[in-house]
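This report looks at salt bridges and at where their partners sit. Please keep the sequence and the model in view while reading.

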Amino acid sequence: MTMKKEILKNNKTQPNLKDYAVACKEFRWEDAENELGLSTKDGINIATSAIDTHAASWRKNKVALYWEGADGGCKEYSFGDLQRESNRVGNMLRSLGVRKGDRVFVFLPRIPELFISIIGIAKIGAVAGPMFSAFGPEAIRDRLKDSGAKVLITDSSLRERVHQVWDELPDLKTVVVTRTVEGGGGGEKLWKREVRYEEEIEKESHHMTVEPMSLDDPFYMLYTSGTTGKPKGVVHVHHDMISHYITTKWVLDLQEEDVYWCSADPGWVTGTVYGLWGPWLNGISQVVFEGRYDAERWYAVMERHGVTVWYTAPTALRMLMRAGDGPVKKCDISALRYICSVGEPLNPEVIRWGMDVYGLCIHDTWWQTETGAIMITNYPSMPVRPGSMGRPFPGVKAAIIDAQGRELPPGSSGILALKPGWPSIMRSIWKDKERYDEYFKIPGWYTTGDTAHMDTDGYFWFIGRADDVIMTAGHRVGPFEVESALVEHRAVVEAGVIGKPDPDRGQIIKAFLVLREGFNPSDELKEDIKEFIKHRLSGHAYPKEIDFCESVPKTRSGKIMRRLLKARELGLPEGDLSTLED
Ligand code: PRX
C-alpha cells in the first residue's frame, strides 16, 4: 500500500545530496573513499580520519564537542583538544599493556571521557566495546567474558557493578576509573587492579604514533540481541568509515556550519556511528547531553547550543508529542533545520505533529547494528511518504525476497534483504561463526530479520520483525536474556517474555512467570522482580508488565512458544499448535 500523500519540505539549506536518482546511477564507494582522502588502503585509522586530520587543518580550533552535563555544566572540546586527549588515552592503554586487536571496554555515562576513550582505543588499533551505563552486573559480565576484554574504563559511580562480577572475568587485567562528581571519587579506595584515569593520563604525552591499520582490521564491537542465546558481539572494521562518512553527509545532511545533536548513547550503534564517528569524519560540531530524556531540558539543550540538525528516535518524539506544545514554546529552537529518526517505525501521526510544531518533516532512517550504517532512508531532496522508511542508500541494493532468495514484486510482503558489498557490513560475530553464517544462509543475500514490502516507486515499508526480538523505546532486547535473568530470581521457576505493542514505546516487555512453590502472586512480588531485573540486567530491559501463570507454553523439544504467548495476549488466532507440548 502506498500512501499518496508526500511531503517534500524544509531544508532552508541546499542539501548535500541534490538528486537521488542521479546519485544512484553514478554512485561508487571509491568516490567516497577519495573524498575522505584515503590514499592507501593500509596504514589507515578511523581516528586519524575523524580527529587528527581535522586537528592538522584549519579545523584545529573548531569545536568538535559541545558537552552539557546532567547538572547543566558545559565544556567545549576542539578537534585539537580531542586529538591531544585521545593521544593520552592511547598512550595510557599502551602503558597498561594493551596491543593491537585487544578488546578494551568502556562503561561510562555520556561524559567527555567516554568519547575520548573510544577514540584513544581506536588509535592504538584495539577494539572498543562501548557499554550502556544502565547495564547491570549480569549484562556487563556477559559482554566482558565473551569478548575477553583486557581493560575496562569506567567511573566512580559504576565501578561497583563491575566488582560484583570481576571474579568471573579472568581476562580482565585492569579497570581504569575516572572520577565523577556523582560518585564522590576523591577519597574512594581503589581495588588492587584498579587505576585512576586522571593519574595515569597525567603521566602520558599528548603525542603518539597512531597504529597503522588495514581497512579490514576491527575497531569496535557491540553486543546485540537475537531470539536465541545471550547477546552476540557484532564486529566492525575500519572500512566502516567510508559508509559512516558518506551516509552522514547525504542522509543527515551535515554541513560545515551545522551544530548537530544525536540523542543516542554510544552503547547503542546509533550513538557510536552517528553520535561520534560519522559527524567527526565530516568535521562537524556535535552536541552531547549527558542527561536523560526530559522534554523541557531537551529543548533547552537545543536552544543553548543552537542545534541545527537532530537525530533521535520515535519513542522520544512520541513522548515530546504527548508533552504538548508547552515545553517547545518556552524555548527558541529556530536554528533547527533538519530532523531524522531511527530505531522503530515512525508513525505518520508523529511526522504530521512535527510539521505543525517544528515546521519540519521528520526523516525516517532504517538500519541495524549489523549493517553498521544507514541502509534505507529518506533524503532531504526526496519526497517523504509518511510511514515509509524511504529508499536504499545509493550503492546499496535492498529487496523483498522469499525463503529461496527470489525477489518479490512490489506490494508483496517478505523478508527484507540486502546485497552484501557495502563497506560497513559487520565482519564477524565474535567467536560465533555459525550465528554469523545464519545471516547469509539465503545465497547472495544478507537477511535482516525484518519483514517489509516495497511499493512500485521503490519506497520500503516496515512490517515487523520475523523473529521474537523486542524493540522497546528503540532498544533491541532479546527475550532469552530477559528470561534467563528472570529465572535467577528466587521466586521464579519459568519465564516467557514477549514484546507487547505500546503507543509510546513501540513495544514494552511483558513477562509470563511460573512461581516456585511457596511463593504467592502479589503486586509486591511483581515490583521486587522488576527491580531485580533493572539492577541485575539493565534499566531498559525489565518487564513493565508481569502475569503469573500455571505454566508457560513450550514445544515438545522444550522451546518457549512466545508466538503463542503473544497471540493469547493480543487475542489473535493461536495458529498451528501441533508442536505444543501436552
Ligand atoms: O527491526 C528493525 C528496527 O531495529 C532493528 C535493528 O536494531 P538495532 O540493531 O538495535 O539498531 C537500531 C538502530 C540502528 C531493525 O532490524 N528498526 C531500525 N530502524 C527502524 C526499525 N524499524 C522500523 N523503522 C525504522 N526506521
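In which helix do K530 and E527 both lie, and how many residues apart are they?

## A pair within one helix

The model discussed here is predicted, and in it K530 and E527 both belong to helix α17, where they are three residues apart, or about one turn of the helix. Their side chains meet in a salt bridge, with an N to O distance of 3.5 Å. K530 has 13% relative accessibility and therefore counts as buried, being under the 20% cut-off, whereas E527, at 43%, counts as partly exposed.

## A pair between a helix and a loop

Another salt bridge joins the side chains of D528 and R490, at 3.3 Å from N to O. Because D528 lies in helix α17 (residues 523–536) and R490 in the loop between α16 (479–486) and β24 (492–502), this pair ties together parts that are 38 residues apart in sequence. D528 counts as partly exposed, with 34% relative accessibility, while R490 reaches 53% and so counts as exposed.

## A buried pair between two helices

K123 and D52 also form a salt bridge, in which the closest N and O atoms are 2.8 Å apart. The pair links distant parts of the chain, since K123 is in helix α5 (residues 112–123) and D52 is in helix α3 (residues 46–55), with their positions 71 residues apart in sequence. Both K123 and D52 are buried.

## The wider set

The count of salt bridges in the model comes to 51. Beyond the pairs described above, a network of salt bridges links E138, R141, D142, E168, K230 and R536.

Methods. Residues are numbered from 1 along each chain as its sequence is written. This is a predicted model: local features need pLDDT of at least 70, side-chain atom pairs count only at pLDDT 80 or more; totals for chains, interfaces and linings use all residues. Side-chain values use heavy atoms; hydrogens and water are left out. A salt bridge is a side-chain nitrogen of Lys or Arg within 4 Å of a carboxyl oxygen of Asp or Glu. Helices (H or I, at least four residues) and strands (E, at least two) are DSSP runs, numbered from the N terminus. Buried means under 20% relative accessible area, exposed over 50%, partly exposed in between (1.4 Å probe, protein chains only).
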